[in-house]
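Trainee: I have a structure to go through and would love some company. Could we take it question by question?

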Amino acid sequence: MKIVKVQDIIGTEREVSDKQWTSRRLLLKKDGMGFSFHETIIKAGSEHTFWYKHHLEAVYCVAGNGRIKDLATGEVHEITDGTLYALDNHDKHTLYGGTEDMRLICAFNPPVTGQEVHDEDGAYLSDSSDN
């Protein structure tokens with residue numbers, strides 16, 4: 001059994017951030033669960049374009065608000081507490097922070113290692129150890 005407290009991750013290598021977002025990686029590939037699990041804070045008023053070409057992601061909003069735009073269809077969806085979105089087709093999207101910070105709980109498959117950075121397309125590179 002694993003017990004992970006987010007307060008124990010703050011300030012460690014499992015917390016990654018810039019001025020517009022913070023990601024706290026509660027479970028990573030090395031934890032052996034077959035997925036990774038994150039708490040992500042998206043700052044109010046921020047804008048982020050992502051395209052997880054090598055990962056599927058499910059995201060559940062537990063606080064705050066924002067919007068997500070599907071860049072293939074142009075559809076925009078409001079995100080509020082209690083909303084889940086699943087990027088089940090490696091969907092390229094833009095995430096917009098709303099009037100208050102969004103607190104999101106995210107699961108990635110395959111799991112991330114924690115060392116990923118977004119490339120020019122907003123994607124994480126595939127983990128070469130899985131190939």
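Trainee: Is C61 buried or exposed?
Mentor: Good place to begin, and keep in mind that this is a predicted model. Residues under 20% relative accessible area count as buried. C61 has a relative accessible area of 0%, so C61 is buried.

Trainee: Which cysteine sulfur is nearest to that of C61, and how far away is it?
Mentor: A search of the whole structure turns up 0 disulfides, and C61 is accordingly in none. The candidate to check is C106, itself buried with a relative accessible area of 3%. Its sulfur is too far from that of C61 for a bond, because a disulfide needs the two sulfur atoms within 2.5 Å. The nearest cysteine sulfur is that of C106, at 10.0 Å.

Trainee: Which strands stand at the edges of the open sheet?
Mentor: Start from the order of the 6 strands, β1-β2-β3-β10-β5-β8, with antiparallel pairing. An edge strand has a single partner, so one of its sides is left without a neighbour in the sheet. Those strands are β1 (15-17) and β8 (84-87).

Trainee: By how much are neighbouring strands of this sheet turned against each other on average?
Mentor: Here the direction of the strands is ignored, and the value is an average over neighbours in the sheet. The answer is 20°.

Trainee: How many bridges join β3 to β10?
Mentor: Let's look at β3 from both sides. Toward β2 (residues 21-27), β3 (residues 36-42) runs antiparallel with 6 bridges, including T22 with I41 and S23 with T40. Toward β10, β3 is again antiparallel, and F37 stands opposite A107 there. The number of bridges between β3 and β10 is 7.

Trainee: How many of the residues of β3 are buried?
Mentor: The strand is mostly covered. Of its 7 residues, the buried ones number 6.

Trainee: Which strand gives the largest share of the largest nonpolar core?
Mentor: That core has 17 residues, and I42, I68, I79, Y85, L95, M102 and L104 have the most contacts inside it. At least two residues each come from β5 (56-63), β8 and β10 (102-109). The largest share is 4 residues, and it comes from β10.

Trainee: Which residues does I68 touch, leaving out those up to four places away in sequence?
Mentor: I68 is one of the core residues with the most contacts, and two others of that group, I79 and Y85, are among the residues it touches. The full set is E75, V76, H77, I79, Y85, L87, H93, T94 and L95.

Trainee: With which side chain does the side chain of S46 make a polar contact?
Mentor: S46 lies in the loop between β3 and β4 (47-50), and it is buried because its relative accessible area is 4%. Leaving aside neighbours within four places, S46 is in contact with Q20, L95, Y96 and G97. The polar contact, at 2.7 Å, is with the side chain of H48.

Trainee: What is phi of H90, roughly?
Mentor: H90 sits in the loop between β8 and β9 (93-97) and is partly exposed, with a relative accessible area of 31%. Its phi is positive, although the residue is not a glycine. The value is near 55°.

Trainee: Which two residues does a cis peptide bond join?
Mentor: Look to the segment after β10, where P110 is placed. Omega is about -5° for this bond. The two residues are N109 and P110.

Key: Residues are numbered from 1 along each chain as its sequence is written. This is a predicted model: local features need pLDDT of at least 70, side-chain atom pairs count only at pLDDT 80 or more; totals for chains, interfaces and linings use all residues. Side-chain values use heavy atoms; hydrogens and water are left out. Two strands pair if DSSP finds at least two bridges between them. Axes are lines fitted to C-alpha atoms, for helices over the stretch in contact, and angles run from 0 to 180 degrees between N-to-C directions. A nonpolar core is a set of buried Ala, Val, Leu, Ile, Met, Phe, Trp, Tyr and Cys residues joined through side-chain atoms within 4.5 Å. Buried means under 20% relative accessible area, exposed over 50%, partly exposed in between (1.4 Å probe, protein chains only). Contact means heavy atoms within 4.5 Å. A polar contact is a pair of N or O atoms within 3.5 Å; within protein, one must be able to donate a hydrogen and the other to accept it, and residues adjacent in sequence count only if both atoms are side-chain atoms.
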